[in-house]
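Thanks, everyone. I would like to take a few minutes on one structure, going from ring contacts to a helix and then to pockets, so please have a look at it before I start.

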Amino acid sequence: MVLTSPSPNSNADPIPETTPPLARSAAIGFYALAVLFNLCLVAQLVTVGLAVFYDPAWWNAHVWLVRSYSGLSLILLLWVYWQPFPPRTRTLTLSFPVVLGLQFLTIHLQTPLPLPLAVMHPLLGFALFTASTTLVHRVWHLVSIPSETREPQPKTPNPL
């Protein structure tokens with residue numbers, strides 16, 4: 001039997017009702033790490049805003065954050081292939097190191113193009129934040145599907 005998504009129009013991936021406890025706890029741990037990754041992205045956005053609009057000394061915190069949480073993307077990537085997560089969850093997780101790599105290239109690669117590649121850096125950051133938030137939303141649906149969304153059970157006749 002399969003649990004259905006919260007609503008007929010939802011994009012949440014179904015999770016088998018018979019998920020073993022280890023897989024469910026692994027999914028909850030993955031969810032916690034995905035939330036931490038997302039919060040690191042929020043902190044990075046705040047520090048870049050502080051660096052640009054308040055005090056340039058905040059730039060060091062911005063750089064330190066990306067160096068710190070980049071490793072989380074690799075841990076999430078290993079974790080999503082360690083357990084049987086849905087393909088959409090795997091694709092979103094795979095996008096993190098790819099987009100982080102592209103962000104690194106746009107900042108450090110100097111090319112003779114009419115516009116510097118660095119103009120793509122904030123757009124890639126937006127894509128990373130969007131993918132991270134989407135992953136948190138999807139994994140939340142995997143770990144917290146309410147019982148009323150389960151497929152209806154066949155009714156047994158009342159013996160009375």
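Is Tyr69 buried or exposed? In this model, which I should say at the outset is predicted, Tyr69 is buried, because its relative accessible area is 1% and the cut-off for buried is under 20%.

Tyr69 also has an aromatic partner, since the ring of Phe37 pairs with that of Tyr69 in an edge-to-face arrangement, with 5.3 Å from centre to centre and 80 degrees between the planes. Phe37 sits in helix 1 and Tyr69 in helix 2, 32 residues apart, and the pair thereby links distant parts of the chain. Phe37 is buried as well, with a relative accessible area of 0%.

Counted by the same ring rule, there are 6 aromatic pairs. Another of them joins Phe30 and Trp79, whose ring centres are 6.2 Å apart and whose planes meet at 75 degrees, so this pair too is edge-to-face. Because Phe30 belongs to helix 1, residues 21-53, and Trp79 to helix 2, residues 58-82, the contact ties together parts that are 49 residues apart in sequence. Phe30 has 0% relative accessibility and therefore counts as buried, and ring pairs connect Phe30, Trp79, Trp82 and Phe85 into a cluster.

Let me turn to helix 4. Helix 4 runs over residues 121-143, and at 1.5 Å a residue its 23 residues should span 33 Å, which agrees with the 33 Å between its end C-alpha atoms. Its buried residues include Leu124, Leu128, Ala131 and Leu135, and also Arg138 and His141.

Finally, the pockets. The largest pocket has a volume of about 400 Å³, and of the 17 residues lining that pocket, Val66, Gln103, Phe104, His108 and His121 are the closest to its centre. Helix 2 gives the most to this lining, with 9 residues, and helix 2 and helix 3, residues 87-108, each supply at least two. By residue class, the lining of the largest pocket divides into 9 nonpolar, 7 polar and 1 charged.

The second largest pocket holds about 260 Å³ of space and is lined by 13 residues, with Leu45, His62, Gln103, Pro122 and Gly125 nearest its centre. Here the largest share of the lining, 6 residues, comes from helix 4, while helix 1, helix 2 and helix 4 each supply at least two residues. The lining of the second largest pocket comprises 8 nonpolar residues, 5 polar and no charged.

Methods. Residues numbered from 1 in each chain as written. Predicted model: local features only at pLDDT ≥ 70, side-chain atom pairs only at ≥ 80, totals over all residues. Heavy atoms only, no water. Phe/Tyr/Trp six-rings, centres within 6.5 Å; stacked < 30°, edge-to-face > 60°. Helix = DSSP H or I, 4+ residues; strand = E, 2+ residues; numbered from the N terminus. Buried < 20%, exposed > 50% of the residue type's maximum accessible area, 1.4 Å probe, protein only. Expected span 1.5 Å × (residues − 1). 1 Å grid on protein atoms, 1.4 Å probe; cavity = no way out; pocket = protein on both sides within 12 Å on 5 of 7 lines; lining within 4 Å. Points joined across faces, edges and corners; volume = space filled by probe spheres on them. Nonpolar A, V, L, I, M, F, W, Y, C, P; charged D, E, K, R; others polar.
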